[in-house]
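Trainee: Could you take me through one part of this model in close detail, and then show me what else is worth a look? I have the sequence and the structure open.

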Amino acid sequence: MTALDPREELAKRLGLDEIPPVRFDSAKDVLKRLADNDYLSDDAIASVCFLADRLAKPVLVEGPAGTGKTALARAVADAVGARLIRLQCYEGLDDSKALYEWNYRKQLLRIQAGRPEGEGTEDWEQLEEDIFGEEFLLTRPLLEAISATDPVVLLIDEVDRVELETEALLLEILSEYQVSIPELGTVRAKQIPMVFLTSNNTRELSEALKRRCLYLYIGYPSVERERDIIVSRVPGITSTLAEQIAQVVRSLRTMDLKKAPSVAETLDWARTLVVLGRSEIGDEDAAETLHILLKYQTDIERATKELLGRPKSSA
Amino acid sequence: MLNLLGDFIGELRAAGIPISMSEHVDSAKAMEVIDLSDRSLVKNSLAATLVKDGDHMPVFNTAFEVFFSTRSWDSASEFMDDVDTDEMQREGAAGATGPGQSRGEGGGASSSLSAQELAELLFRALRDGDREALRLAADESVTRYAGMEPGRPVGGTYYLYRTLRNLDLENLEQRLTRGSVDDDQLAQRLAREEARSRIEMLKAEIERVIRERLVEDRGSEALAKSVRKPLPEDLDVMHANRDEMAQLERALRPLSRKLAVRLARRRRRRRRGPVDLRHTVRRSLSTGGVPIDLRFKPPHPAKPEIFVIADISGSVASFARFTLHLVHAISSQFSKVRSFVFVDGLDEVTQLFEGVDDPAETVARINAEADVIAFDGHSDYGRALLSFHDRFAKDITRRSTILILGDARNNYHQAHAEVIADLKYRAKAVYWLNPEPTAYWNSGDSIVSQYAPYCEKVIECRTLRQLEMFVGELA
């Protein structure tokens, strides 16, 4: 028995005429194309993206805030030239916001408009068929991603914010790439979208969800990678300064702070230092600009003390 | 490959990572579509399909190193008729690889290095961040210093220790730091940290080399068993060493955060209150007075009051610390939390937690500030309980839950179990959390059984997982 290629299998199940072409040739290809879109990935990220495409499986991205989880989805969308459809999760999200909703007003209008004047009611069965047609369907992000005919990347952001029960909504899409609408039947994907889910790990996601996804943990980048990120995102920075910034940030992250600086904050800091015209960080610069990296007063005090070996000057 | 994968997954499961059948299938499918000669790609693919929790990664990494060591990779590549890797391996062997070769051939050129030259080699590799040179140097130092004996059923910690001791890492670190003489505080600190991180790199490399040789010696499966590390939430709190303790500390914070989120959610969604008659009648007007749509009052679940009484004598101190930390981290889920610590005297430490955001800090202060030793500093449960009863029994109501933490090793003092009986009569419930395995209860001076009849439950609580489960049910 020879196993079918996963994409082939899925395409058959979805009833697609042809197998959609693979998006990436290899993990190296991912690495390069993401870099072209200003997203510096590493081996793990590239391998998982490559695998997600080849296996036609969604990717669950976890990691601390501000390490580029959402940016990854955006960069992949740019790299493959697809439209990004984003579903922002929040507590209380339900199927009418995530999947689809019937357009009641339009349905009502249709019923009223369809009533011939003076005569009795229109043939009810025909009307019913009519008002539950696609015309009266408001598509929400998930259905939109499934029914799109152009290439799309679906981003389900901060999935850990929805309740455990709501997670179940996602399962059909994640494993089968289809949505069942009781009145309409099943809507199958017209192509195989790439799906990214992000989570800040505020709660344990359900086993069912995890099982259907590939898992990618994006932690804080290594000093070398962070330096490269800074160099590529901050114009006019010298690589010595970038290296120094990356090192300072690393040592901040090893401290016991309330909130460790994220990559985004690192970039802000780098930009500030460039604007100030610094080519390297001295004690004074660090003390004066640390508040860009750290957002709590206690953190700033502790960091100043540990990094510079003295309490923050009250000047 | 499929067999290897099966064994590998068996090992991961044995280490406690839950892997379902469908994930197994996924990983096999992944192996079909990727280029198997790329080791890091294989590793990342396996991680993505099998491990679904960031905290499990270290366990996965260790298992992967054992099952798919670089050496077995090279020999596997040979089967694939890959001429390049074959050549690479030969080049490598000419350098300083393989305990087999170097031991067999008497070491060849590489062993002619003197100790100083080796140290110099290491220093240069570290200074320039040259990974290839570092690998060679690590390999050489293991050959030289580890003194590995084939067939010994060990995990390699000892070999690691032996190698590192001989390398004089402190000197190396100092030399690395010295490179940049600068009076800038920040620059100095950065240089120090850079040096330290390079030394860590070296340690990791040496550990890898040792592990590889052990695999060669004893086979993957046997070794996997001896290097298997439990997941942080499964570590035995009482017997954790310093590294593991640090791991536990790290795991505790997200754990308590998650627990708080979960409990808050559960509370919000729990059973509805009684029917709200007014609201229901109002709603029924639109259905002609028929109450189709019942409305409920919002629920008012009673939040329990918690009294934690913890033994902080040496034997169980760490366990008490974790529990205090966890309970206070989720104190918003309780109407009140009061904590008491004792050895042979008892002291209330609730006020230490007030106005502090991070319970960890407070817990660290408890040892220094609490007045818990009355006589000799050996646990005396009877005395401590009596003193608790005298001073605080009046505060205990039907809404209070009492948690007693300790191993009930009373050093042959009097038990005073009747105190617990009275506390139980006053309180909603009394729970006893015992960090010892059930098998040890009542052995030696442990007198759990004397207290047990008066407790709602005596619970074995050795790991964070058990602790989390218990606290979760409590709220």
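Mentor: Happy to; we will begin with one strand of chain B and then move on to chain A and the contact between the chains. Please keep in mind that this is a predicted model.

Let's start with strand β1 of chain B, residues 305–311. Seven of its seven residues are buried, so the strand is largely enclosed by the rest of the structure. In a regular strand, side chains alternate between the two faces of the sheet. Both faces are covered here: one side carries B:Glu305, B:Phe307, B:Ile309 and B:Asp311, the other B:Ile306, B:Val308 and B:Ala310, and all are buried. Next, look at the pairing. β1(B) runs parallel to strand β2 of chain B, residues 336–342, and seven bridges join the two. In that pairing, B:Glu305 stands opposite B:Lys336. β1(B) also pairs in the parallel sense with strand β4 of chain B, residues 400–405, over six bridges. There B:Phe307 faces B:Ile402 as its opposite residue.

Further along chain B, have a look at B:His416, in the loop between β4 and α20 (417–426). Its phi is near 50°, a positive value in a residue other than glycine. Most residues other than glycine have a negative phi. B:His416 counts as partly exposed because 19 other C-beta atoms lie within 10 Å, and the buried class begins at 20.

Chain A has a residue to set beside it. A:Ala56, in the loop between α3 (43–55) and β1 of chain A, has a positive phi of about 55° although it is not a glycine. With 23 C-beta neighbours inside 10 Å, A:Ala56 counts as buried.

Now turn to the sheet of chain A. It is an open sheet of five strands in the order β2-β5-β8-β1-β9, with parallel pairing. β2 (83–88) and β9 (214–217) are its edge strands, each pairing on one side only. On average, neighbouring strands of this sheet are turned by 20° against each other, direction ignored. At one edge, β2(A) pairs with β5(A), residues 152–157, in the parallel sense over six bridges; A:Arg83 has A:Val152 as its bridge partner in β5(A). Helix α4 of chain A, residues 69–80, packs on this sheet and touches β1 (59–62), β2, β5 and β8 (194–199), its direction making about 170° with that of β5(A).

A helix pair in chain A comes next. Helices α11 (residues 223–233) and α13 (residues 263–275) of chain A pack at an angle of about 55°, with their axes 10 Å apart. That angle makes α11(A) oblique to α13(A), and their crossing is right-handed. On the α11(A) side are A:Glu226, A:Ile229, A:Ile230 and A:Arg233, which meet A:Val263, A:Thr266, A:Leu267 and A:Ala270 of α13(A). By class, this contact has five nonpolar, one polar and two charged residues.

Finally, consider where the chains meet. Chain B gives 32 residues to the contact and chain A gives 33. On the side of chain B that touches chain A, α2 (21–33), α3 (39–50), α12 (185–218) and α14 (242–269) of chain B each supply at least two residues. Of these, α2(B) gives the most, with seven residues. By class, that side of chain B has 11 nonpolar, eight polar and 13 charged residues.

Note on methods: Residues numbered from 1 in each chain as written. Chains lettered and ligands numbered in written order. Predicted model: local features only at pLDDT ≥ 70, side-chain atom pairs only at ≥ 80, totals over all residues. Buried ≥ 20, exposed ≤ 12 C-beta atoms within 10 Å, placed from the backbone. Helix = DSSP H or I, 4+ residues; strand = E, 2+ residues; numbered from the N terminus. Pairing = 2+ DSSP bridges. Axes fitted to C-alpha atoms, helices over the stretch in contact; angles between N-to-C directions. Parallel < 35°, antiparallel > 145°, perpendicular 65-115°, else oblique. Left-handed = near helix turned anticlockwise from the far one by under 90°. Contact = placed C-beta atoms within 7 Å. Nonpolar A, V, L, I, M, F, W, Y, C, P; charged D, E, K, R; others polar.
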